[in-house]
Amino acid sequence: MKKNIDLLNGNILTSLTELALPIMATSLVQTAYNLTDMAWIGMVGSDAVAAVGAAAMYTWLSSGVATLARMGGQVKSAHAYGEGNRREAVQYGKGALQLALVLAAVYGIITNLFAGPLIDFFHLNSNLVVEDAIVYLRIACGLILFAFIGQTLTGLYTASGNSRTPFVANCIGMGANIVLGPLLIFGLGPIPGMGVAGAAIATVTAQFIVALVLVISMRRDPVLASQMRVWIPTPLSNIKTMVRIGFPAAIQSMLYCGISMVLTRFVTAWGDTAVAVQRVGGQIESISWMTAEGYAAALNSFVAQNHGAKNTGRIWEGYRLSMVVMLSWGVFCSFVLIVFPQVIFQVFIQETEVLPLGVDYLRILGVSQLFMCMEITTAGAFSGLGKTLPPSIVSITLTGARIPMAMLLGKWMGLNGIWWAITISSIGKGIVLLIWFLRDMKLTCSKRQTEGTEVA
């Protein structure tokens with residue numbers, strides 16, 4: 001079976017679907033083992049969920065740091081593939097991996113040195129929750145190297161038109177996590193139950209397995225194999241180009257997470273139980289946005305390769321078809337979260353005092369799913385063009401607005417006011433970014449038509 005899909009020729013919807021389905025499935029697999037972890041941790045109790053929820057904010061933050069390497073490497077490698085320049089594809093892929101290794105080492109050291117103050121930021125109410133959160137943070141972020149390698153390699157595979165291998169790797173990782181999760185959390189026979197620490201070890205082990213499978217599989221592709229030669233220096237010009245492209249997306253992701261941390265600190269005013277609700281609700285909602293991000297990653301590579309080949313019409317049609325698919329997905333997710341919130345939430349936490357809070361969270365966030373999918377899909381198209389700044393500007397501005405909105409609506413509506421602040425900002429981001437992209441593409445098309453007329 002051919003693994004690398006031709007994104008420059010043939011039926012656009014077929015090419016996008018063949019590339020996107022494995023990526024979306026990979027996102028669902030990643031979500032599934034996050035939810036599996038959360039289901040097991042939920043059986044320990046809401047305090048354990050709160051501990052993991054606080055510490056996991058920093059593993060989320062690490063994804064933004066990894067974006068600096070992954071985004072620049074994926075976009076520029078895809079541009080090089082579209083131009084038919086395999087040598088440049090190798091240089092950018094190799095440079096991306098080198099960046100990822102350095103960033104992972106720095107991030108792991110910093111989070112371990114300052115684990116206590118980082119968790120204290122949330123003002124958690126229980127000393128036990130704080131201790132568990134520090135343990136989880138030290139393990140998950142101390143060994144964040146495997147996650148960085150996995151994310152960066154996934155971007156490089158996708159840039160080449162191969163999304164099947166990352167899917168297989170993540171399925172293997174999920175299988176390991178499903179087995180190791182309950183085994184290390186609760187223990188069995190001579191293996192002692194380690195609770196929150198066990199959940200962290202299971203997650204890190206799964207990330208290691210995913211990275212290992214991806215590395216081993218790279219040997220079958222000459223370009224990807226050459227990208228693994230990280231001991232060979234990459235030209236500084238390539239590194240600078242990747243940083244220029246990846247920096248806005250990385251800052252956007254990190255600020256998004258940072259704002260969510262501030263909101264989590266607000267949430268603790270309603271107790272550690274409210275933090276558990278935010279953590280579980282966010283994991284459930286991630287089925288929607290991680291799937292959309294998976295499709296956006298495919299659109300990113302599609303747009304990037306066709307941008308390199310100067311196929312503007314193909315970019316337009318690919319974006320239009322992607323929006324139809326993703327808006328349909330957003331409507332479906334909104335329906336499920338609004339109509340069946342209790343059925344979904346009680347799978348993870350059954351405590352009667354927590355359930356009504358979880359139902360409110362899912363219903364309120366359900367309103368924004370359509371617009372969130374709109375934002376993520378459009379951001380993927382922008383990134384494929386190498387224009388990561390517009391999505392960053394929109395995201396940073398309107399996500400930042402969540403803080404004053406949460407303060408205002410929190411006083412008026414209580415905890416639900418914070419959820420509404422998130423929903424309102426998501427709606428705004430989707431609308432604004434869509435208008436910006438349509439305007440940008442029309443200007444690009446007009447410019448190219450003018451250039452063509454002058455040449456003629």
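Axes are lines fitted to C-alpha atoms, for helices over the stretch in contact, and angles run from 0 to 180 degrees between N-to-C directions. The exercises below concern a predicted model.

**Exercise 1. Determine how α11 and α15 are oriented, and describe their contact.**

Solution.

Step 1. The axes of α11 and α15 lie 7 Å apart, and the two helices pack at an angle of about 25°.

Step 2. Angles under 35 degrees count as roughly parallel. The helices α11 and α15 are therefore roughly parallel to each other.

Step 3. The crossing of α11 with α15 is right-handed.

Step 4. On the α11 side, the contact is made by Glu 285, Ser 288, Trp 289, Ala 292, Glu 293, Ala 296, Leu 299, Asn 300, Val 303, Ala 304 and His 307. On the α15 side, the residues are Gln 369, Met 372, Cys 373, Ile 376, Thr 377, Gly 380, Ala 381, Ser 383 and Gly 384.

Step 5. Sorted by class, this contact of α11 with α15 has ten nonpolar, eight polar and two charged residues.

**Exercise 2. Determine the orientation of α12 with respect to α15 and the classes of the residues in their contact.**

Solution.

Step 1. Helix α12 spans residues 312-339 and helix α15 spans residues 369-384. Their axes come within 7 Å and cross at roughly 150°.

Step 2. Angles over 145 degrees count as roughly antiparallel, so α12 is roughly antiparallel to α15.

Step 3. The crossing of α12 and α15 is right-handed.

Step 4. Helix α12 contributes Tyr 319, Ser 322, Met 323, Met 326, Leu 327, Trp 329, Gly 330, Val 331, Cys 333, Ser 334 and Leu 337. Helix α15 contributes Gln 369, Leu 370, Cys 373, Met 374, Thr 377, Thr 378 and Ala 381.

Step 5. The contact of α12 with α15 has twelve nonpolar, six polar and no charged residues.

**Exercise 3. Carry out the analysis for α10 and α16.**

Solution.

Step 1. The axes of α10 (residues 236-267) and α16 (residues 389-400) come within 9 Å, crossing at roughly 15°.

Step 2. This angle makes α10 roughly parallel to α16.

Step 3. The crossing of α10 with α16 is left-handed.

Step 4. The contact residues of α10 are Pro 248, Ala 249, Ile 251, Gln 252, Leu 255, Tyr 256 and Ile 259. Those of α16 are Leu 389, Pro 391, Ser 392, Ser 395, Ile 396, Thr 399 and Gly 400.

Step 5. By class, the contact of α10 with α16 has nine nonpolar, five polar and no charged residues.

**Exercise 4. Establish how many disulfides the structure has, and examine Cys 171 and Cys 373.**

Solution.

Step 1. A search of the whole structure finds zero disulfides.

Step 2. For Cys 171, the nearest cysteine sulfur is that of Cys 333, 19 Å away.

Step 3. For Cys 373, the nearest cysteine sulfur is also that of Cys 333, at 5.9 Å. A disulfide requires cysteine sulfur atoms within 2.5 Å, and Cys 373 is in no disulfide.

Step 4. Cys 171 counts as partly exposed because its relative accessibility is 31%. Cys 373 is buried, with a relative accessible area of 0%.

**Exercise 5. Locate His 123 and Lys 310, and examine their phi values.**

Solution.

Step 1. Most residues other than glycine have a negative phi.

Step 2. Phi of His 123 is near 55°, a positive value. Phi of Lys 310 is near 60°, also a positive value.

Step 3. His 123 lies in the loop between α4 (115-120) and α5 (127-142). Lys 310 lies in the loop between α11 (272-308) and α12.

Step 4. His 123, at 45% relative accessibility, counts as partly exposed. Lys 310, at 62%, counts as exposed.

**Exercise 6. Classify Ile 435 and Asp 440 as buried or exposed.**

Solution.

Step 1. Ile 435 lies in helix α18 (residues 415-455), and Asp 440 is placed in helix α18 as well.

Step 2. Buried means under 20% relative accessible area, and exposed means over 50%. At 55% relative accessibility, Ile 435 therefore counts as exposed. At 15%, Asp 440 counts as buried.

Step 3. Beyond residues up to four places away in sequence, Asp 440 touches Phe 382 and Lys 387.

Step 4. The C-alpha atoms of Ile 435 and Thr 152 are separated by 30 Å, and these residues are 283 apart along the chain.

Key:
Residues numbered from 1 in each chain as written. Predicted model: local features only at pLDDT ≥ 70, side-chain atom pairs only at ≥ 80, totals over all residues. Heavy atoms only, no water. Helix = DSSP H or I, 4+ residues; strand = E, 2+ residues; numbered from the N terminus. Parallel < 35°, antiparallel > 145°, perpendicular 65-115°, else oblique. Left-handed = near helix turned anticlockwise from the far one by under 90°. Contact = heavy atoms within 4.5 Å. Nonpolar A, V, L, I, M, F, W, Y, C, P; charged D, E, K, R; others polar. Buried < 20%, exposed > 50% of the residue type's maximum accessible area, 1.4 Å probe, protein only.
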